[in-house]
Amino acid sequence: MRAVTWHGKRDVRVDNVPDPTIQDPTDAIIEVTSTNICGSDLHLYEVLGPFMNVGDILGHEPMGIVREVGSAVSTLAVGDRIVVPFQISCGSCFMCDQSLYTQCETTQVRETGMGAALFGYSELYGSVPGGQAQYLRVPHADFTHIKVPEGPSDERFVYLSDVLPTAWQAVQYAGVPEGGSLTVLGLGPIGDMAARIGAHLGYRVIGVDRVPERLERARARGIETVDLRAHGGQVGDVVRELTDGRGTDSVVDAVGMEAHGSPVAKAAQQVAGLLPDALAKPFMEKAGVDRLDAVYSAVDIVRRGGTISLSGVYGGAADPMPMMTMFDKQIQLRMGQANVKKWVDDIMPLLTDDDPLGVDDFATHTLPLTQAPHAYEIFQKKQDGAVKVILRP
Ligand code: NAD
Ligand code: ZN
Ligand code: ZN
């Protein structure tokens, strides 16, 4: 079969690889009909190379048709149409019983000390072949699937694998009071969807990004926007001006670690992260660096006593937190990968012909799988108005 494989920094290819087979009686094999590229794939494309092996199959947002089931699979049959959550979970361990599917103790990757195994996400998460391919082996298939009805196109359901539950959890974790206000940092697929969900739930939403097409896309759906470029990366003052000087009740950080320019800029950001705000800003100015990691903006923007919800992925000690400011402002902080199946019952009623969240035309590009290298490039460089790309094997 054909599959999108990792070959090095900014080097993905479409290779011919062996078809997957049933390895455990709890497996199923699906024929993939649609499979998305995610901001998380860009971390593998850019900075997480050390955890990758040449030839690893990428992708964790697939859906398709069940073609084969192992002898122990009882809830799926050949021909079923399913979306595959990005995490693999058993559905019956201590953590799964609490709907903490990203912490599943059955699939937990003990070698690296991480949580539940993920599709297509490097050695860190269990080296499980990913779903940007013609076929996918789904371990623990009885629980690791979301059945969807025949009829509507793949676009209606494919975001259940990641974007919808991630954005939904981001907004839930943000703990916005009724009728309250929410800043969403980053208007990539996750932030864009989180902004839509926040607005749908009746919150005042302010979206922040620096890509004109992404700001425009949010505005077209009635979201207030702030252009990062117009404010030297420091949006705190702008958001305070819009909110009686306080900042918003909650902030969703849907950015995570982006590539941060020069090593000097990165080092300056790290030092600034150790300083209280009042010292960090002049320090950054002196260093000639105009942007901090989004999480620092989140700490700046949230009102005192408010909540920050991180869905953007950060890595290790490279991102020291401004603890003094966080403690003084009495900020609540919640984070983590989305426990996909926890949110499906809340989201499914919104995936109707009325399409309140605009999923049907959420994708900006739908391309054949063979064009994956081009698709990764335009998505990373934010070219051609690319926000969400679906690949069709
Ligand atoms: P993306 O890379 O397309 O979106 C990031 C956006 O942030 C871009 O539009 C970029 O212009 C903008 N941005 C960069 N710096 C900014 C700043 N300082 N302030 C405001 N905006 C800024 O990716 P995506 O697919 O939307 O994913 C976003 C993040 O969510 C990634 O880190 C991804 O790994 C993470 N993610 C987490 C989960 C989860 O389960 N928690 C699931 C999926 C994705
Ligand atoms: Zn994803
Ligand atoms: Zn489990």
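**Around ligand 1 and between the domains**

Sorted by class, the shell around ligand 1 comes out at 14 nonpolar, 12 polar and six charged residues. This is a predicted model, and ligand 1 is a handy place to start reading it. The shell counts 32 residues, and the ones that come nearest to the ligand are Gly39, Gly186, Gly188, Gly256 and Gln337. Several elements chip in: α1 (39–46), α4 (189–200), β9 (204–209) and α9 (294–301) supply at least two shell residues each. Top of the list is α1, which gives four. As for where the ligand sits, domain 1 (2–162 + 339–392) and domain 2 (167–335) both contribute to the shell, so ligand 1 lies between them.

Those two domains are what the domain assignment gives for the protein chain, with domain 1 made of 2–162 + 339–392 and domain 2 of 167–335. Their centres, taken over C-alpha atoms, sit 27 Å apart. Where they touch, 16 residues come from domain 1 and 18 residues from domain 2. On the domain 1 side, α1 and α11 (344–347) each bring at least two residues to the contact. Helix α1 again gives the most, with four residues on the side of domain 1 that touches domain 2. That side of domain 1 splits into six nonpolar, six polar and four charged residues. So much for α1, then: this helix is the top contributor both to the ligand shell and to the domain 1 side of the contact.

Zooming out, the protein chain holds 12 helices and 15 strands. Its C-alpha trace spans about 60 × 45 × 45 Å along the principal axes. A compact globule of 393 residues would have a radius of gyration near 21 Å, and the chain's own value is 21 Å, so the two agree. Burial takes in 50% of the 393 residues. Contacts also reach far along the sequence: of those between residues at least 6 apart, 71% join residues at least 24 apart.

Turning to the interior, the largest nonpolar core gathers 92 residues, and Ile30, Ala167, Ala194 and Val252 have the most contacts inside it. Helix α3 (residues 163–173) is the main donor to this core, giving seven residues. The core is also shared across the domains, with at least three residues drawn from each of domain 1 and domain 2. Ala194 shows what the packing looks like for one of those well-connected residues. Setting aside residues up to four places away in sequence, Ala194 touches Ala167, Ala170, Val171, Val184, Val252 and Ala254. A second core, separate from the first, has 17 residues, among them Leu118, Val128, Phe143 and Ala338.

One more spot deserves a look, namely Ala116, in the loop between α2 (94–97) and β6 (135–138). Despite the loop setting, Ala116 counts as buried because 29 C-beta neighbours fall inside 10 Å, where 20 or more are needed. Its contacts, leaving out neighbours within four places in sequence, are Gln87, Ile88, Ser89, Tyr101, Thr102, Gln103, Cys104, Thr107 and Gln108. Ala195, 79 residues from Ala116 along the chain, has its C-alpha atom 27 Å from that of Ala116.

Technical notes. Residues numbered from 1 in each chain as written. Chains lettered and ligands numbered in written order. Predicted model: local features only at pLDDT ≥ 70, side-chain atom pairs only at ≥ 80, totals over all residues. Core = buried A, V, L, I, M, F, W, Y, C linked by C-beta atoms within 7 Å. Buried ≥ 20, exposed ≤ 12 C-beta atoms within 10 Å, placed from the backbone. Domains from an automatic or database assignment. Contact = placed C-beta atoms within 7 Å. Near = placed C-beta within 6 Å. Nonpolar A, V, L, I, M, F, W, Y, C, P; charged D, E, K, R; others polar. Rg over C-alpha atoms; globule rule 2.2 N^0.38 Å.
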